[in-house]
Amino acid sequence: MNFKVSSSPHNRIKRKTSDVMLAVILACIPGILAQVWYFGIGVLVQIALAITAALLTEIICLRQRNRSFMQIKDNSALLTGLLLGICLPPLAPWWIAVIGACFAIVIAKQIYGGLGQNLFNPAMAGYVVLLVSFPLAMTLWLPPLNLIEYSLSAWDMILVIFTGYSDQGYSLAQFRTSLDGITMATPLDAIKTGLSNQQTYQEILQQNIFNHDFGIGWMQVNLAYLLGGLWLLQRKIINWRIPLTFIASLFLLSGICYLASPQSIADPLMQITSGATMFAAFFILTDPVTASTTPKGRIIYALLVASLVFVIRNWGGYPEAVAFAVLLANMCVPLIDYYTKPRTYGHVKG
């Protein structure tokens, strides 16, 4: 009987990288299904385009670096494409997903040395590049399908993605028009636009997209990603500190400001059930490569992201701020880890 001694860190549960990536992918399924239910089959088309481009780009990069293309079996490129595709507007032009996925793999991942070496979250890096380069295409989100004036079939969505027009000749701009003839946006964008037009928060909530709710479709999508995130926590795939700190901090910050000025800012429940809040909390911030790895560091990291999200959402130029906040916080992670690393057992301060 051999007794093997290995150096720390000692893992309690040994999991392959591919298994961890696959678990995260599976946890995304409830949220994806909710998105498809409210926004149509275009969600799946964008995900398929992003995944295909990410995998092909990964293979090309590995071959150029004289590495075995079988490294794609770690499922990291698959997950990057999936996360990016989830973030894209359902009817965005097909080349949007392709460009974003290529940038995420080549610039944000492989140039740094591949999996485990990248400083920035690849999916969020690709998303920000698209948002800055193609702001119009990246902000053309559909309203929930039941609020669209024109009938939109799955085939129409595919045609719009690849040609710009449906089978009846309708454009994306026409499909974004609601039943009352108003061009609709996401709940966060509607709030930001309404407040800039001197409307009160209560007046903005009278729009069809809210319907006395926190945003038709968006709240349900966030709850679906929350369900998937809780499953990851139960499986101990991710650590609880980051999602809990992020959600609680965003809720607390928005709650304090809402109490101070309820007419000029969205209430805290709206903040955590709209946009990409739950998706970010459980699937983006918890990236094991680009997030902080120390217990205290994870709390500081999540608090920093929540603060940046809140500031950019309410006073920045974009209604959704998760991607920018994550990339800014990624730059701070080495510094956070350096000052929060646990003290060695037996260490005597000199």
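Colleague: Let's start with the second largest pocket: about how much space lies in it?
Modeller: Happy to begin there, and please keep in mind that this is a predicted model. The space that lies in the second largest pocket comes to about 510 Å³.

Colleague: Which residues lie nearest the centre of the second largest pocket?
Modeller: The lining of this pocket is made up of 29 residues. By character they divide into 22 nonpolar, five polar and two charged. Those that lie nearest the centre are Tyr127, Trp141, Trp218, Ala276 and Glu320.

Colleague: And which helix gives the largest share of the lining of the second largest pocket?
Modeller: Several helices supply at least two residues each, among them helix H2 (29-39), helix H4 (76-87) and helix H10 (187-196). Helix H12 (218-234) and helix H17 (322-340) are also on that list. The largest share is four residues, and the helix they come from is H12.

Colleague: Which residues do ring pairs link into a cluster with Trp141?
Modeller: Trp141 is one of the residues that lie nearest the centre of the second largest pocket, and so is Trp218. Ring pairs link Trp141 into a cluster with Phe39 and Trp218.

Colleague: Is Gly217 buried or exposed?
Modeller: Gly217 sits in the loop between helix H11 (201-204) and H12. In space, its C-alpha is 9.3 Å from that of Leu145, with the two positions 72 residues apart in sequence. Because its relative accessibility is 0%, Gly217 counts as buried.

Colleague: What kind of aromatic pair do Tyr112 and Phe120 form?
Modeller: The structure holds 10 aromatic pairs. For Tyr112 and Phe120, the rings are 6.5 Å apart centre to centre, with 70° between the planes. An angle over 60 degrees is the cut-off that matters here, so the pair is edge-to-face.

Colleague: Which of the two, Tyr112 or Phe120, counts as buried?
Modeller: The cut-off for buried is under 20% relative accessible area. Tyr112 has 37% relative accessibility and therefore counts as partly exposed. At 18%, the residue that counts as buried is Phe120.

Colleague: Which side chain does a polar contact join to that of Gln110?
Modeller: Gln110 is in the loop between helix H5 (94-106) and helix H6 (122-133), and it counts as buried because its relative accessibility is 7%. Leaving aside residues up to four places away in sequence, Gln110 touches Glu58, Cys61, Leu62, Arg65 and Ile105. The polar contact, at 2.6 Å, joins the side chain of Gln110 to that of Arg65.

Colleague: With which side chain does the side chain of Thr294 make a polar contact?
Modeller: Thr294 is in the loop between helix H15 (277-284) and helix H16 (295-315), and its 6% relative accessibility is why it counts as buried. A polar atom of its side chain lies 2.9 Å from the backbone nitrogen of Gly297. Among the residues Thr294 touches, not counting those up to four places away in sequence, are Asp337 and Lys341. The side chain in polar contact with that of Thr294, at 2.6 Å, belongs to Thr340.

Colleague: Last one: what share of the residues of the protein chain count as buried?
Modeller: The protein chain has 17 helices and zero strands. Of its contacts with a separation of 6 or more, 74% are between residues 24 or more positions apart. Among the 350 residues of the chain, the share that count as buried is 50%.

Note on methods:
Residues are numbered from 1 along each chain as its sequence is written. This is a predicted model: local features need pLDDT of at least 70, side-chain atom pairs count only at pLDDT 80 or more; totals for chains, interfaces and linings use all residues. Side-chain values use heavy atoms; hydrogens and water are left out. Buried means under 20% relative accessible area, exposed over 50%, partly exposed in between (1.4 Å probe, protein chains only). A polar contact is a pair of N or O atoms within 3.5 Å; within protein, one must be able to donate a hydrogen and the other to accept it, and residues adjacent in sequence count only if both atoms are side-chain atoms. Contact means heavy atoms within 4.5 Å. Rings of Phe, Tyr and Trp (its six-membered ring) pair if their centres lie within 6.5 Å; planes under 30 degrees apart count as stacked, over 60 as edge-to-face and the rest as tilted. On a 1 Å grid over the protein atoms alone, a cavity is a set of points where a 1.4 Å probe fits but cannot get out, and a pocket is an open set with protein on both sides within 12 Å along at least five of seven lines; lining residues have an atom within 4 Å of a point. Grid points are joined across faces, edges and corners, and a volume is the space filled by probe spheres set on the points. Ala, Val, Leu, Ile, Met, Phe, Trp, Tyr, Cys and Pro count as nonpolar, Asp, Glu, Lys and Arg as charged, and the others, Gly among them, as polar.
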